Amino acid sequence: MTTIFKPALFVVCLVIAACGQAGARTAQLFEAEVTEVSGPLSISLQVEERAVELRLASLTTPVPDRVQAYLDDLMRGRAVEVEFLSETTDRYQRRIGVLWLREGLQKVDLHSILLEEGLVQLYPYPDAADRLPRWQAVEAEARAADAGVWGDYETRLRDVDPDVLIQDMGTIQVVEGRVTDVAELGNGRVYLNFGSDYRTDFTVRIDAEAAPGFAQALGDFAGLQDRRIRVRGVIREENGPMIVPPNPYRIEVLGD
């Protein structure tokens, strides 16, 4: 089936709440057809007479086989609308974006479906920053209900217990806890410590080149002391378990 490469007749208004900026923009959607689920978070599309490989933006999954089986059942041969978030491709030549499905008289994005099922976790990049508040709300409901991966021991929400996190070395985890100390070094690095001994306790490191963007998004680093935060990333070992987030969207400052 050949589809016409044209904006869909409807548009979606999106609330922008990135880095403290508020506003709205109109998403441009293009009609497409799913030809193959080519990976856990990758979908092959036919857009006009062009084959396009799409990578779903700002998601990760610890259960790739379950996600691919779910998407095979849900998506194969389906007519969709696609929204591209960037003009460039990733290193695998995939466009980054969002898929929209018709559900009765309504339209829902595939991200929200996967998040609600607990099959994926948010792993934010800046190109999807304006979508995060909505997706975070969907993910929070799934997490509260222990849906999918949130109910599995290996992938559930972690606290900052270093004895547990040290066993998660090399895996992507979501960790939540209270910052006990903020150390801003002369070389520009910032350390958020979650215990009395930085040599063994969990730490978040913000590198010097990334620090200005974090400060713009999160405010004064000193203001994070005694605040609860949720952080996402690969657990590495550097004076105990550590996460080094590449962008500020991997950190959520929580209410007390």
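Me: To fix terms at the start: Ala, Val, Leu, Ile, Met, Phe, Trp, Tyr, Cys and Pro count as nonpolar, Asp, Glu, Lys and Arg as charged, and the others, Gly among them, as polar. How do the residues lining the largest pocket divide on that basis?

Reply: Please note that this is a predicted model. The lining of the largest pocket has eight nonpolar residues, two polar ones and five charged ones.

Me: How much space lies in that pocket?

Reply: The largest pocket holds about 290 Å³ of space. Its lining is made up of 15 residues, and those closest to the centre are Arg-55, Asp-90, Arg-94, Ile-96 and Tyr-125.

Me: Which strands each supply at least two residues of the lining?

Reply: Strands β5 (50–56) and β6 (59–60) each do so.

Me: What lies between β5 and β6?

Reply: The loop between β5 and β6 includes Ser-58. Its phi is near 55 degrees, which is a positive value in a residue other than glycine.

Me: Is Ser-58 buried or exposed?

Reply: Ser-58 has a relative accessibility of 4%, so it counts as buried, the limit for that class being under 20%.

Me: Which residue in the loop between β4 and β5 should I look at?

Reply: Glu-48 is found in that loop. Its phi is also positive, near 60 degrees, and Glu-48 is a residue other than glycine. With a relative accessibility of 35%, Glu-48 counts as partly exposed.

Me: New topic: the interior. Which residues of the largest nonpolar core touch the most other members?

Reply: They are Leu-45, Met-75, Leu-99 and Leu-110, in a core of 46 residues. Two or more residues of this core come from each of β3 (30–39), β4 (42–47), β5, α1, β7 (79–89), β8 (95–103), α2 and α3. Strand β8 gives the largest share, five residues.

Me: What does Leu-45 touch?

Reply: Leaving out residues up to four places away in sequence, Leu-45 touches Ala-32, Glu-33, Val-34, Thr-35, Arg-50, Ala-51, Val-52, Leu-54, Val-80, Val-82 and Leu-99. Another core, of 22 residues, lies apart from the largest one. Val-160, Val-175, Leu-224 and Ile-235 are among its members.

Me: You listed α2. Why is that helix largely enclosed?

Reply: Helix α2 (residues 110–117) has eight residues, and six of them are buried, so the rest of the structure largely encloses the helix. The buried ones are Leu-110, His-111, Ser-112, Ile-113, Leu-114 and Leu-115.

Me: What follows α2?

Reply: Gly-118 follows α2, with a positive phi near 75 degrees.

Me: On to charges. How many salt bridges are there?

Reply: The count comes to 17 salt bridges. One of them joins the side chains of Asp-152 and Arg-66, at 3.5 Å from N to O. This pair links distant parts of the chain, 86 residues apart: Asp-152 is in the loop between α3 (132–144) and α4 (162–165), and Arg-66 is in helix α1 (residues 64–75).

Me: How accessible are those two?

Reply: Asp-152 is partly exposed, with a relative accessible area of 27%. Arg-66 is also partly exposed, at 40%.

Me: What does Arg-189 pair with?

Reply: The side chain of Arg-189 meets that of Asp-207 in a salt bridge, at 3.4 Å from N to O. Arg-189 sits in the loop between β12 (181–184) and β13 (190–193), and Asp-207 in the loop between β14 (203–206) and α5 (211–218), 18 residues apart. Arg-189 is partly exposed at 27% relative accessibility, whereas Asp-207 is buried at 16%.

Me: Which other residue forms a salt bridge with Asp-207?

Reply: Arg-205 does, at 2.7 Å from N to O. Arg-205 is buried, with a relative accessible area of 7%.

Me: Which residues are linked in a network of salt bridges?

Reply: Such a network links Glu-139, Arg-143, Glu-176, Arg-228, Arg-230, Arg-232 and Glu-252.

Me: Last one: where is Phe-194?

Reply: Phe-194 is in the loop between β13 and β14, and it is buried, with a relative accessible area of 8%. Phe-194 and Thr-180 are 14 residues apart in sequence, and their C-alpha atoms are 5.1 Å apart in space. Setting aside neighbours within four places in sequence, the contacts of Phe-194 include Val-160, Thr-180, Phe-202 and Ile-229.

How values were computed. Residues numbered from 1 in each chain as written. Predicted model: local features only at pLDDT ≥ 70, side-chain atom pairs only at ≥ 80, totals over all residues. Heavy atoms only, no water. 1 Å grid on protein atoms, 1.4 Å probe; cavity = no way out; pocket = protein on both sides within 12 Å on 5 of 7 lines; lining within 4 Å. Points joined across faces, edges and corners; volume = space filled by probe spheres on them. Helix = DSSP H or I, 4+ residues; strand = E, 2+ residues; numbered from the N terminus. Buried < 20%, exposed > 50% of the residue type's maximum accessible area, 1.4 Å probe, protein only. Salt bridge = Lys/Arg side-chain N within 4 Å of Asp/Glu carboxyl O. Core = buried A, V, L, I, M, F, W, Y, C linked by side-chain atoms within 4.5 Å. Contact = heavy atoms within 4.5 Å.
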